[in-house]
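The following exercises concern cysteines and strand pairing. Each task is followed by a solution in steps.

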Amino acid sequence: MANSSRVTEFLLLGFSSFGELQPVLFVLFLGLYLIILSGNFTIISVIRLDRSLHTPMYFFLCVLSTSEVFYTIVILPKMLINLLSVLRTLSFTSCATQMFFFLGFAVTNCLLLGVMGYDRYTAICQPLRYPVLMSWRVCAQLAATCIVSGFLISLVGTTLVFSLPFCGSNRVNHYFCDISPVIRLACAETYINELIIFVCGVLVLVVPLIFICISYGFIVRTILKIPSADGKRKAFSTCASHLIVVIVHYGCASSVYLRPSAKSSSGKDRLVTVTYTIITPLLNPMVYSLRNKDVQLAIRKVIGKTAVSLKTL
């Protein structure tokens with residue numbers, strides 16, 4: 001194939017099939033995007049400002065919220081622009097860059113959720129050893145490991161996709177450069193590449209999920225031994241928010257990425273992807289703020305301090 005036929009840019013079809021509904025989708029997604037940013041920035045700010053939240057659980061929540069902010073920044077601004085634009089192209093390099101950062105933050109989030117499950121296990125099942133097992137040094141090391149591992153796995157996945165030749169259609173049936181809709185455009189055999197990506201997906205999604213399930217198995221057994229109903233309710237409440245986020249995040253991501261072939265991808269993937277690129281980052285601060293009394297109290301304290309400061313000006 002001649003060099004002149006090589007694909008130099010991709011056309012993101014996105015929600016073009018929705019026609020006149022695209023301005024409505026723009027308003028809807030813009031509103032959700034602003035809520036995601038404000039919600040996650042609120043969580044980050046409150047955790048940093050309120051010393052009572054300077055614990056391992058909220059440290060990891062702060063890291064997760066920070067990752068969620070960058071995760072959405074990689075995808076949503078371009079998607080919003082494309083909803084109002086006729087020119088929906090993305091250069092080859094820009095597409096690879098978007099995929100790299102999207103996968104990097106997505107994998108980081110998966111690993112962080114696994115670490116947060118371990119934090120709950122140590123807090124409930126090993127309370128006497130908790131200060132040692134989850135010291136600030138250990139927390140920092142675990143967070144750094146999640147981030148570095150996330151971007152190393154992303155580098156592998158992105159390299160496997162964009163090392164393939166693209167010389168035919170450049171029409172990506174998605175609203176961003178995701179693995180399946182891009183790799184299916186390659187004009188070479190993709191079986192080995194897809195197999196390695198599938199194995200990486202299993203390691204990223206299944207292994208942490210099994211770890212979380214085992215952790216919660218021990219947590220439930222420990223909680224059932226607590227004699228008081230109030231103690232059981234309090235212990236369960238510290239885990240409920242994490243479990244809700246885990247179920248939504250892993251459930252939607254697994255339905256898209258734990259498939260051996262990208263050829264089976266369809267337009268339905270866009271709807272599922274909306275869940276973990278928009279709904280999950282939206283759900284994270286809402287669940288942790290609405291269901292968590294410590295965060296609610298901290299938010300009220302920060303608002304109160306801010307109001308007092310403004311009155312003194």
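**Exercise 1.** Is Cys146 buried or exposed?

*Solution.* The model is predicted: local features need pLDDT of at least 70, side-chain atom pairs count only at pLDDT 80 or more, and totals for chains, interfaces and linings use all residues. Residues are numbered from 1 along each chain as its sequence is written, and side-chain values use heavy atoms, with hydrogens and water left out. Buried means under 20% relative accessible area, exposed over 50%, and partly exposed in between (1.4 Å probe, protein chains only). Cys146 has a relative accessible area of 4%, so Cys146 is buried.

**Exercise 2.** Determine how Cys167 and Cys187 are linked.

*Solution.*
1. A disulfide is a pair of cysteine sulfur atoms within 2.5 Å. The sulfur atoms of Cys167 and Cys187 lie 1.9 Å apart and form such a bond.
2. The S-S torsion of this pair is about 135 degrees, and the disulfide is therefore right-handed.
3. Cys167 is buried because its relative accessibility is 14%, whereas Cys187, at 36%, is partly exposed.

**Exercise 3.** Describe the surroundings of strand S1 (residues 9-12).

*Solution.*
1. Strands (E, at least two residues) are DSSP runs, numbered from the N terminus. Two strands pair if DSSP finds at least two bridges between them.
2. S1 pairs with S2 (residues 89-91) in the antiparallel sense over three bridges; here Phe10 stands opposite Leu90.
3. S1 also pairs with S3 (residues 171-172), in the parallel sense over two bridges, and Leu12 stands opposite Val172.
4. Phe10 and Leu12 point to one face and are buried, while Glu9 and Leu11 point to the other and are not.

Technical notes: Helix = DSSP H or I, 4+ residues; strand = E, 2+ residues; numbered from the N terminus.
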